[in-house]
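Reader: I should like to go through this structure with attention to its ligand site, its internal spaces and its backbone geometry. Please let us begin once the model is in view.

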Amino acid sequence: MNASRTRHDESCRLLGGGPVNVPGYVAEAVASCAMGHRDPSCRSLIRDVSDRLRAIAGVSADDFAVIPIAGSGTAANEMVLSSTVRPGDCVLVLGNGEFGYRLQGLSTYYNRTELLDFGWGGTIDLLQVEEAITRLRPSLVAVVQHETSTGLLNPVVEIGQICASHGSRLFVDTVSSMGADPINLAICNATFATTSSGKSLGAMPGVALVLARRSAMSDVVRIPRRGHYLNLSIAYESIEATGLTSNTPAVQLLAGLDAALRGIEAEGLDNRVQAIRLRTDYLRETLLAKGWELYFPDAVRSYAGTCAKLPEGMSFADFGAALLRHRFTVHAGKGPFADRMFQVCCTVGVDMALIDEFCETVTRIREEASPGGQADAIAAV
Ligand SMILES: *Cc1c(COP(=O)(O)O)cnc(C)c1O
């Protein structure tokens, strides 16, 4: 059996936002990493990843600890929501799409949870946020920065100001945005933030990360513990005491993440964000020029993803399958946008030529599926 061949033939251009096509130097770092998870070299690897992540998040090692865990982004979210709220205290979740609602679902397992619901694609109204915080006195307010399911960017700085003035802690899910949309946890007064290796940071999935404000952790570690593997206090105490994780980390994937973060550092974060914006603007303009419609044209949109309307009468299953035949992967719309939307991301592993090829491919798929089908498409040439 030729083991190296087995999956290669199915390799795809990944435009779904995560997993992404990682740069060669990331794959190389994963493949060549050989260290024990209790070795001093692993300690320095975790420290390097933590320092580079803090630089992207605009915070210092004095103020924020970084806690890595083997898992996808949800592991980090569950860590925060299961470990940072006293029994009986309230968590207020601000929801305007799939990932906000998932925070609510997760929190409900552990906490008295209230959802302030702005509806799919709705704008977070700061007056309503302030009213709810005044009424509910939540110890934690949870919100997604980039609501991946709609492409909207939520006003985390303003939400953080409201939280600070009412003594509530802010938890920001930056799983899809960190590395693509600017975030500064100091400016937005965040106490906790989460991210993961496999989206805009441009590494392989499998490392979830919590950034936790040290000044809050002295209190958080005294909260009764409701689990082990995803308990933030246990993980934090291990990192603090030894510089290592309490259980086996995804060592090789951490090495890949470190390489990806070095890549961001070498390029310069601002340059990278700018390059993502140029590619995303180009994608949006090209799609519009080819007659595609985009969702939420007037909203504050993230550059981490673009939401376009599926061709009339076409299911995502058919659209996605047709794209796969051209070796492209994108994501489906969720909730009310199922079978109405596809999402495409130009964050990592994408250049202008690939964007051109993608836009031509989806347009051909639409034309072939339109009434009259292939005949129309050929006549249009
Ligand atoms: C992807 C994502 C998550 C985590 O999802 P996983 O399936 O665990 O990777 C959480 N929040 C947001 C905003 C995301 O985009």
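Reader: Which element gives the largest share of the lining of the largest cavity?

Author: This is a predicted model. Its largest cavity holds about 110 Å³ of space. Two elements give two or more residues each to the lining of that cavity, namely β2 (64-70) and α8 (232-242). The largest share, 4 residues, comes from β2.

Reader: Of the lining of the largest cavity, how many residues are nonpolar, polar and charged?

Author: The lining includes Ile-67, Pro-68, Ile-69 and Ala-70, and also Tyr-229, Ala-235 and Ile-239. Thr-245, Ser-246, Asn-247, Thr-248 and Pro-249 line the cavity as well. By class, the residues divide into 8 nonpolar, 4 polar and no charged.

Reader: What is the make-up by class of the lining of the second largest cavity?

Author: The count of cavities of 30 Å³ or more comes to 2, and the second largest has about 30 Å³ of space. Gly-16, His-146, Thr-148, Gly-305, His-331, Gln-343 and Cys-345 form its lining. Glycine is counted as polar in this scheme. The classes are therefore 1 nonpolar, 6 polar and no charged residues.

Reader: Where does the ligand sit?

Author: The residues around the ligand include Gly-73, Phe-99, Val-175 and Lys-199. Gly-73, Phe-99, Val-175 and Lys-199 are also among the residues nearest the centre of the largest pocket. The site of the ligand is the largest pocket.

Reader: Which element gives the most to the lining of the largest pocket?

Author: The largest pocket has a volume of about 480 Å³ and a lining of 34 residues. The elements that give two or more residues to this lining are α3 and α4 (98-110). With 4 residues, the element that gives the most is α4.

Reader: And which element gives the largest share of the shell around the ligand?

Author: The shell includes Gly-73, Thr-74 and Asn-77. The helix that spans residues 73-83 supplies 3 residues, the largest share, and this helix is α3.

Reader: How many residues of each class are in the shell around the ligand?

Author: Among the residues around the ligand are Val-144, His-146, Thr-148, Asp-173, Ser-176 and Lys-199. The lining of the largest pocket has 10 nonpolar, 20 polar and 4 charged residues. For the shell around the ligand, the counts are 3 nonpolar, 7 polar and 2 charged.

Reader: What share of the ligand's accessible area does the protein cover?

Author: An oxygen atom of the ligand is 2.4 Å from a side-chain N or O atom of Ser-72, and a polar side-chain atom of Thr-74 is 2.5 Å from a ligand oxygen atom. Gly-73 places a backbone N or O atom 3.4 Å from an oxygen atom of the ligand. On its own the ligand has 380 Å² of accessible area, and the share covered by the protein is 83%.

Reader: Turning to the backbone, what is omega for the cis peptide bond that joins Gly-18 and Pro-19?

Author: Most peptide bonds are trans. Pro-19 is in the loop between β1 (13-14) and α1 (24-32). The bond that joins Gly-18 to Pro-19 is cis, with omega of about -5°.

Reader: What is the phi value of Arg-137?

Author: A negative phi is found in most residues other than glycine. Arg-137 lies in the loop between α5 (126-136) and β5 (140-144). Its phi is positive although the residue is not glycine, and the value is near 45°.

Technical notes: Residues are numbered from 1 along each chain as its sequence is written. This is a predicted model: local features need pLDDT of at least 70, side-chain atom pairs count only at pLDDT 80 or more; totals for chains, interfaces and linings use all residues. Side-chain values use heavy atoms; hydrogens and water are left out. A residue is near a molecule or strand if one of its heavy atoms lies within 4 Å of it. A polar contact is a pair of N or O atoms within 3.5 Å; within protein, one must be able to donate a hydrogen and the other to accept it, and residues adjacent in sequence count only if both atoms are side-chain atoms. Accessible areas come from the Shrake-Rupley method with a 1.4 Å probe; for residues, only the protein chains shown count as cover. On a 1 Å grid over the protein atoms alone, a cavity is a set of points where a 1.4 Å probe fits but cannot get out, and a pocket is an open set with protein on both sides within 12 Å along at least five of seven lines; lining residues have an atom within 4 Å of a point. A molecule sits in a cavity or pocket if more than half of its atoms lie within 2 Å of its grid points. Grid points are joined across faces, edges and corners, and a volume is the space filled by probe spheres set on the points.
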